[in-house]
Amino acid sequence: MLIQECISGNGGIFKNRSLSREEILQIVQYKHLLGLDFEDCAITDNDVLELCQLGNLVNIGLTNTAITDRSLEYFSRLPQLELLRINGANITGEGFRHFADHKKLKCIWAINTKLNDETLKLVAQIPKLGILRMMNVPVSFPGLMAITGNPKLRVSATNLFTTEQLEQFEQAQRDQANQTATVNDTDIASAKQILFAFFEAMTEWEKKGMSGFSIVAKTSFTNEIAERFYTKKQQIRYSQGRGNCSAAPYYTYGRHQLIDAAQVSKSRIYIFTKNHIAEQYRFTFLKKDSEWRIDELQWLNAGWKRTQL
């Protein structure tokens with residue numbers, strides 16, 4: 001198959017082939033490429049060095065290649081790289097030290113590699129990294145717990161650790177992030193009660209919306225929800241159309257589970273939840289006139305990012 005036949009739009013996919021240096025240099029001529037994927041190709045460090053001339057690359061996938069940690073050093077020179085997927089390679093992760101100042105890398109897959117407890121620490125120090133997927137690597141649970149100081153990192157490693165261990169890791173992340181918090185159990189209980197009532201009200205509205213509820217009635221009902229639960233600032237966001245709704249079977253909050261709570265100050269509380277696909281959310285409550293109200297919703301995506309309520 002010709003090189004041009006493996007390239008479509010802004011990406012190139014190469015499978016089960018041995019690429020000569022001449023072919024690698026042909027790929028490098030496609031300066032517009034944003035993504036490259038190599039599967040069962042004998043790609044070497046020298047090949048990667050040439051490919052890194054493609055300075056616009058955003059995502060790279062390598063499955064069963066011949067790369068080493070030297071390639072990680074080369075990849076770190078790609079200023080736009082956001083996603084790096086490596087499955088089956090002789091890398092220890094030592095090369096991730098070269099990403100210490102990288103400004104874009106958000107997601108790493110390290111599968112069937114030699115990533116270990118020590119090099120995991122290098123990965124956790126990458127500034128913008130938000131997602132790490134590990135599978136079949138020699139990382140221990142103590143090694144995982146050693147990186148809880150990075151509160152924005154989501155780790156997927158279901159074949160390495162139990163659900164309970166991953167929950168313990170996430171709890172330790174939150175605990176370290178909230179070490180200075182002062183807790184008032186009464187305030188926490190009040191905020192939780194309000195959140196559960198909000199979930200029930202939203203689910204009721206979404207169910208009615210799916211059953212022929214009139215537009216006028218739906219608008220009236222949602223306005224009531226906003227006035228009942230939101231701060232003035234959040235009510236303004238909602239009035240500007242920045243609201244969220246979902247259909248059956250889960251609805252927006254039907255499967256959210258409360259996993260933690262933290263009081264940041266006398267007037268601010270965070271309540272953490274997790275949905276049915278294990279995404280983490282953080283509800284911000286503010287106390288106004290002796291009443292707790294929802295001010296903001298964030299989800300964990302390379303740090304806490306605001307999303308729609």
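The exercises below, each with a worked solution, concern a predicted model.

**Exercise 1. Describe the largest pocket by its volume, by the elements that line it and by the character of its lining residues.**

Step 1. Start with the space itself: the largest pocket holds about 630 Å³.

Step 2. Turn next to the residues around that space, of which there are 29 in the lining, and among these L166, E170, K274, I277 and A278 are the closest to the centre of the pocket.

Step 3. Assign the lining to secondary structure: two or more residues each are given by the strands β6 (107–111), β7 (131–135), β8 (154–156) and β9 (257–265), and by the helix α6 (163–177). The largest share belongs to α6, which supplies eight residues of the lining.

Step 4. Sort the lining of this pocket by character, which gives eleven nonpolar residues, ten polar ones and eight charged ones.

**Exercise 2. Characterise the largest cavity in the structure, and state which kinds of residue line it.**

Step 1. Searching the whole structure yields one cavity of 30 Å³ or more, and the volume of the largest cavity is about 50 Å³.

Step 2. List its walls: the lining consists of L36, F38, V48, L51, C52, L57, I60, L62, F75 and L78. Two or more of the lining residues come from each of β3 (35–41), α2 (45–51) and β4 (59–63).

Step 3. Classify them, and the lining of the largest cavity turns out to have ten nonpolar residues, with no polar and no charged ones.

**Exercise 3. Determine how many disulfides the structure holds, and examine C41 and C107 as cases.**

Step 1. The count of disulfides is zero.

Step 2. For C41, the closest cysteine sulfur is that of C6, and because the two sulfurs are 8.5 Å apart, they are too far from each other for a bond; the cut-off for a disulfide is 2.5 Å.

Step 3. For C107, the nearest cysteine sulfur belongs to C52 and is 18 Å away, and C107 is in no disulfide.

Step 4. Check the accessibility of both residues: C41 has a relative accessibility of 2% and therefore counts as buried, while C107, at 13%, also counts as buried, the limit being under 20%.

**Exercise 4. Classify the ring pairs F14–F38 and F96–F99, and place the first of them in the sequence.**

Step 1. The whole structure contains twelve aromatic pairs.

Step 2. In the pair of F14 and F38, the ring centres are 5.2 Å apart and the planes meet at 15°, so this pair is stacked, since planes under 30 degrees apart count as stacked.

Step 3. Because F14 belongs to strand β2 (residues 11–17) and F38 to strand β3, the pair ties together parts that lie 24 residues apart in sequence. Both F14 and F38 are buried.

Step 4. The rings of F96 and F99 have centres 6.0 Å apart and planes at 45°, so this pair is tilted. F96 counts as buried because its relative accessibility is 2%, and F99 counts as buried at 0%.

**Exercise 5. Identify the residues of a cluster linked by ring pairs, and locate the charged ends of R85 and R174 relative to rings.**

Step 1. Following the ring pairs leads to a cluster made up of F198, F199, F229, Y230, Y253 and F283.

Step 2. The charged end of R85 sits over the ring of W109, at 5.9 Å from the ring centre.

Step 3. The charged end of R174 sits over the ring of F272, at 5.6 Å from the centre of that ring.

Note on methods
Residues numbered from 1 in each chain as written. Predicted model: local features only at pLDDT ≥ 70, side-chain atom pairs only at ≥ 80, totals over all residues. Heavy atoms only, no water. 1 Å grid on protein atoms, 1.4 Å probe; cavity = no way out; pocket = protein on both sides within 12 Å on 5 of 7 lines; lining within 4 Å. Points joined across faces, edges and corners; volume = space filled by probe spheres on them. Helix = DSSP H or I, 4+ residues; strand = E, 2+ residues; numbered from the N terminus. Nonpolar A, V, L, I, M, F, W, Y, C, P; charged D, E, K, R; others polar. Buried < 20%, exposed > 50% of the residue type's maximum accessible area, 1.4 Å probe, protein only. Phe/Tyr/Trp six-rings, centres within 6.5 Å; stacked < 30°, edge-to-face > 60°. Lys NZ or Arg CZ within 6 Å of the ring centre and 35° of its normal.
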